[in-house]
Amino acid sequence: MTTDSEIKPERSPAAKFLLVLAVGFILAIPLFSVWLLTSDRQSQSQTAQASIVTGWGGPQVFAGPRIVLPYRARVTETVEDGGKSVTRTNLVTRELVLSPKTLTLSNALTTEVKRRAIYEVAVYDTAIKGKAVFTLPDDFARFGVPLDQIDFARAELRFGLSDARGLSGNNRVAVDGKPVSLQPGKGLNETSGSGFFAWVDAGTLPSTPIAVDFTVRFKGNQSLTVVPHAGQTDWTVTSKWPHPSFVGTFIPVKRTISDAGFTANYDITNLALGTSLVNLDASTVGPVMPDLSGQANMTPPVPGVSATATVNLVQPVDIYDQVSRATKYGFLFIGFTFVAFLMFDLIGGLQISAVQYILIGGGLILFFVLLLAFAEIIGFALAYVVASGAILGLITAYAASALGSWRRAGIIGGLLAALYGAIYILLSLEAYALLIGSLLLFAALAGVMYLTRNLDWSRTLRR
């Protein structure tokens, strides 16, 4: 016979709710660890991708051509000599940088995907064909450099390429139809001085335009950036890669994208660039644009570069970004599942311990680890199906024991299946993720409020 002294008080509904809430906060620690694991695996992937393309050529930045003209300038300075201020005038040599009046570029990116183990990276091989026309602007006298002080015979034609290791053979440059010999080094500041140049005689420049035709072959990976600097820059780029991303300061005025590839046309003037065709200081390239790296559809600007046009070869799916986004919805998985079990506890009269909540939460968090592990092998979509199916079966079977009924476990399983489906839709419809997520939370809160509308949260039960 059971006496009143042997009847143990049961926690009140409010205490149970607070216990479940505390368990949920404790599970935030392993959930955060999974997010850190995803970030670490992404970092490892980037390191592996860099090793795959070692020696091939990095994300390339192409700039040029420009003509660099040495000229003599008088510099006046005041110095102290014997306690007196003495003014001296020295003759120094400086460089004048002349950008082309018009520049026409065209190239096709021949792409392939290089793989090593589970990692892959998109690389390309291309040949930029171009024609540049140089002429002294009509208002050249305003720059204060007399023509007789310019050494046109020692002019240099400079090209910039950020990773000169990617240069291939058969590069050709002709000035007024005459081939010139190319020399390594002396690139342009936009490419950190990397590139090549040719000595040219620009003696006809004051009266006659100089035409430069060139073909530059090089390799790179993931992106190609062109730095426009001419009075009028026209660039046409084509490729069979079906997933381009156009970023930078300028985007194409016309583009076509299909499963067969893309074509993009750029039309950029120096009025939009905000730079002059003549620069009297070779160490600068004009006003530097503000840092737009935090804005949508923009990439961090190339250091020291005023403006860029960039084509990225985007992989269709970045599994690490998707797994990271899925992890951020971890609280929805835990919260909805715990609420379902709590309703069985409070309304159905079943008793679920804190340990059981922890085990169920551990299974929900294991889903994200399985998702990351399988996604690296079989892709995100299929990995999502495999991981969700495994956890769905595990928790449903455990719920049958904890709730003492397969029928009740079926309700839990159906809830989880619906939740996994809803989260996948959230991940697919990024633009509406906040809206759908907030509606799910509203529906859950409304359901809990309805089911517990007559519940006395402060009562203490006995058993």
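Here are some friendly notes on this predicted model, going from the overall make-up to single residues.

1. **Overall make-up.** The protein has 9 helices alongside 19 strands. Its chain holds 463 residues, and 43% of them count as buried. The accessible surface is about 23,600 Å², with 58% of that area belonging to carbon and sulfur atoms. If you take the contacts between residues at least 6 apart in sequence, 75% of them join residues at least 24 apart.

2. **The largest nonpolar core.** This core has 55 residues, and the members that touch the most others are Phe367, Leu371, Tyr384, Ile412 and Ile423. At least two residues each come from α1 (13-26), α2, β5, α4, α5, α6, α7 and α8. Helix α5 gives the largest share, with 11 residues. As background, nonpolar side chains tend to be buried together in soluble globular proteins.

3. **Phenylalanine 367.** Which residues does phenylalanine 367 contact, leaving aside its neighbours within four places in sequence? They are Phe333, Tyr384, Ala387, Ser388, Ile391 and Tyr420. Tyr384 is worth a second glance here, since this contact of phenylalanine 367 is also among the core residues that touch the most other members.

4. **A second core.** Apart from the core described above lies another one, made of 53 residues. Its members include Leu69, Leu157, Val226 and Val278.

5. **Helix α2.** Does the length of this helix agree or disagree with what its residue count predicts? Helix α2 runs over residues 28-52, which makes 25 residues, and at 1.5 Å a residue it should span 36 Å. The C-alpha atoms at its ends are 36 Å apart, so the expected and modelled spans agree. Its buried residues are Leu31, Val34, Thr38, Ser45, Ala48, Gln49 and Ile52, a list that you can follow along the helix. Among the elements that cover these residues are the strands β4 (102-116) and β5 (119-134), together with the helices α4 (319-328), α5 (330-346) and α6 (354-378).

6. **Strands around β16.** Strand β16 (residues 261-269) pairs with β13 (residues 232-239) in the antiparallel sense, over 8 bridges. In that pairing, threonine 236 stands opposite asparagine 265. β16 also pairs with β15 (residues 254-258), again antiparallel, over 5 bridges. β15 and β16 make a hairpin that has 2 residues between the strands, and serine 258 stands opposite glycine 261. When you look along these strands, keep in mind that in a regular strand the side chains alternate between the two faces of the sheet.

7. **Alanine 202.** This residue sits in the loop between β10 (195-200) and β11 (210-221). Is alanine 202 buried or exposed? Its relative accessibility is 0%, and therefore alanine 202 counts as buried. Beyond its neighbours within four places in sequence, alanine 202 contacts Leu69, Phe152, Ala155 and Ile210. Leu69 also appears among the members of the 53-residue core. Phenylalanine 134 is 68 residues away from alanine 202 along the chain, and their C-alpha atoms are separated by 9.9 Å.

8. **Serine 405.** Serine 405 belongs to the loop between α7 (380-403) and α8 (406-428). With a relative accessible area of 19%, serine 405 is buried, because the cut-off for that class is under 20%. A polar atom of the serine 405 side chain lies 3.1 Å from the backbone nitrogen of arginine 407.

9. **Backbone points to check by eye.** The peptide bond from glycine 64 to proline 65 is cis, and its omega is near 0°. Proline 65 lies in strand β2 (residues 60-81). Two residues other than glycine have a positive phi: lysine 186, near 50°, and glutamine 222, at about 70°. Lysine 186 is in the loop between β9 (183-184) and β10, whereas glutamine 222 is in the loop between β11 and β12 (223-227). Lysine 186 counts as partly exposed at 43% relative accessibility. Glutamine 222, at 32%, counts as partly exposed too.

How values were computed: Residues are numbered from 1 along each chain as its sequence is written. This is a predicted model: local features need pLDDT of at least 70, side-chain atom pairs count only at pLDDT 80 or more; totals for chains, interfaces and linings use all residues. Side-chain values use heavy atoms; hydrogens and water are left out. Helices (H or I, at least four residues) and strands (E, at least two) are DSSP runs, numbered from the N terminus. The expected span of a helix is 1.5 Å times one less than its number of residues. Buried means under 20% relative accessible area, exposed over 50%, partly exposed in between (1.4 Å probe, protein chains only). Contact means heavy atoms within 4.5 Å. Two strands pair if DSSP finds at least two bridges between them. A polar contact is a pair of N or O atoms within 3.5 Å; within protein, one must be able to donate a hydrogen and the other to accept it, and residues adjacent in sequence count only if both atoms are side-chain atoms. Accessible areas come from the Shrake-Rupley method with a 1.4 Å probe; for residues, only the protein chains shown count as cover. A nonpolar core is a set of buried Ala, Val, Leu, Ile, Met, Phe, Trp, Tyr and Cys residues joined through side-chain atoms within 4.5 Å.
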